Amino acid sequence: MAARGFPYTDLKDFLATLESAGELRRVSVPVDPTLEISEVVTRTVRAGGPALLFERPTRGEMPVAINLFGTERRTAMALGVDSLDEIGERIGNMLKPELPVGLSGMMDGLGKVKQLTSMPPKKVKTAPCQQVVYRGGDVDLNRLPGLQVWPGDGGIFHNFGLTHTKHPESGKRNLGLYRLQQHSHNTLGMHWQIHKNSTAHHAVAERLGQRLPVAIAIGCDPVVSYSASAPLPGDIDEYLFAGFLRGERVELVDCLTVPLQVPANAQIVLEGYLEPGERLPEGPFGDHTGFYTPVEPFPVLHVECMTMQRNPVYHSIVTSQPPQEDHGLGKATERIFAPLLRFLIPDIVDYDLPAAGVFHNCAIVSIRKRYPKHAQKVMNAIWGAHMMSLTKLIVIVDEDCDVHDYNEVAFRAFGNVDYARDLMVTEGPVDHLDHASYQQFWGGKAGIDATRKLPAEGYTRGWPEEMRMSPEIVSLVEKRWKEYGI
């Protein structure tokens, strides 16, 4: 069931919906974007508190919206559903390969086709994001209330800028979410990591000796903002996916100075280019790992045009050791892409990406075990599945284990494992931000087989029966509970 007002016209529309639902608080006193906003947000997130709108930041010319995805409820509202699993079910239904049988089957097939036709973005000639235009010497990034989140950060960062690029040869678009360090009033450091599509676009442009056009949209509607963070396969357009989630096409408008398109209802758009071969030191930055990422050379965006809505709202996010707002985005990805992962690896019953694992560090996976070393087969399949390849620890449990109940998972992993036989250690790619790997970009990985062992796996002792109370006694005690006076 779609949330009221969904799909939202723009960020302001979503903020109004949050406010009417009691999920937004306005902060009317002056608050400093250097560190103070970060501390307020972190306390609010960890208390399970509301989205925040800082109306009077002491730097910049517009209010700051933050913690929009900080709870599963708000993330579900952002995506227009009561439960994030609803989107996963829609994707799962579209992935079903059965041929239609009878009239009802044909109608169901037509319904899936209709969903697909709503996906492509549509181009518009005029847009709210271009109501105010600054060009050339009038461009000033200090109009934006960018944040310094942690004391050791290298300066001001813009943390929710949706970055648009095109492959210089194929013309294929990419939309990504990368942090942006403000170097000056008109330049930004582009921290796009080695595994990202935009990095590949830039590499091709440099090989050709060409500038790479870039457009950054800040303050988009929440579906587009989420889609920029989603780990989509390289051949799926993020705006097709956003259209699928919205149930209607996303409106895009041509940029004024670069050959790219951006969301027509974005709050702010930055247009510019990367000069081939140019790099500047970027960082340090307190990231979602809970540690500062080191200074590294990254490309530099020269901003030549800055457009915005009248009275825009600036959108940002705070990153830190969990729990933090980005867990809401991660949980959405976990539930939305569960059917796709099961489609790729049918052995999987369910999976969970713990917040403490900061996306790539741990995956808990349940399987319906059918043959010897089945768990190890699934581990290897996961390490071969797109961005799941960055997972450092995989824990495999039986299907009767609730992967979302960490106490139950720990009970299986601590008690069902002979680490001389059930631990798989290997090497492979890791996240660009992983500070623990001895070599950047690759390192050690482990898989733990916490399933019941089979005789064919060499376990000859006879697996013991797990204790369960009889259903009759459970029912009796439930009926008499008040009598006990406990």
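Which residue follows H8, and is its phi positive or negative? Hold that thought for a moment, everyone.

This is a predicted model, where local features need pLDDT of at least 70, side-chain atom pairs count only at pLDDT 80 or more, and totals for chains, interfaces and linings use all residues. Residues are numbered from 1 along each chain as its sequence is written, and side-chain values use heavy atoms, with hydrogens and water left out.

Back to the helix. Helices here are DSSP runs of H or I with at least four residues, numbered from the N terminus. H8 covers residues 238-246, and 8 of its 9 residues are buried, meaning under 20% relative accessible area with a 1.4 Å probe, protein chains only. Among them are Tyr239, Phe241 and Leu245. At the N-terminal end, Asp237 acts as a cap, with a side-chain oxygen 2.6 Å from the backbone nitrogen of Tyr239. And the residue after H8 is Gly247, with a positive phi near 80 degrees.

Now to the rings. Rings of Phe, Tyr and Trp (its six-membered ring) pair if their centres lie within 6.5 Å; planes under 30 degrees apart are stacked, over 60 edge-to-face, and the rest tilted. That rule gives 8 aromatic pairs. Phe6 and Tyr8 are edge-to-face, because their centres are 5.5 Å apart and their planes stand at 85 degrees. Phe6 is buried at 16% relative accessibility, and Tyr8 is buried at 1%. Together with Phe14, they form one aromatic cluster.

Lastly, charges over rings: NZ of Lys or CZ of Arg within 6 Å of the ring centre and within 35 degrees of the ring normal. Arg143 sits over Tyr134, 3.9 Å from the ring centre, and Arg211 lies over Tyr273 at 3.7 Å.

Note on methods
Buried means under 20% relative accessible area, exposed over 50%, partly exposed in between (1.4 Å probe, protein chains only). Helices (H or I, at least four residues) and strands (E, at least two) are DSSP runs, numbered from the N terminus. A polar contact is a pair of N or O atoms within 3.5 Å; within protein, one must be able to donate a hydrogen and the other to accept it, and residues adjacent in sequence count only if both atoms are side-chain atoms.
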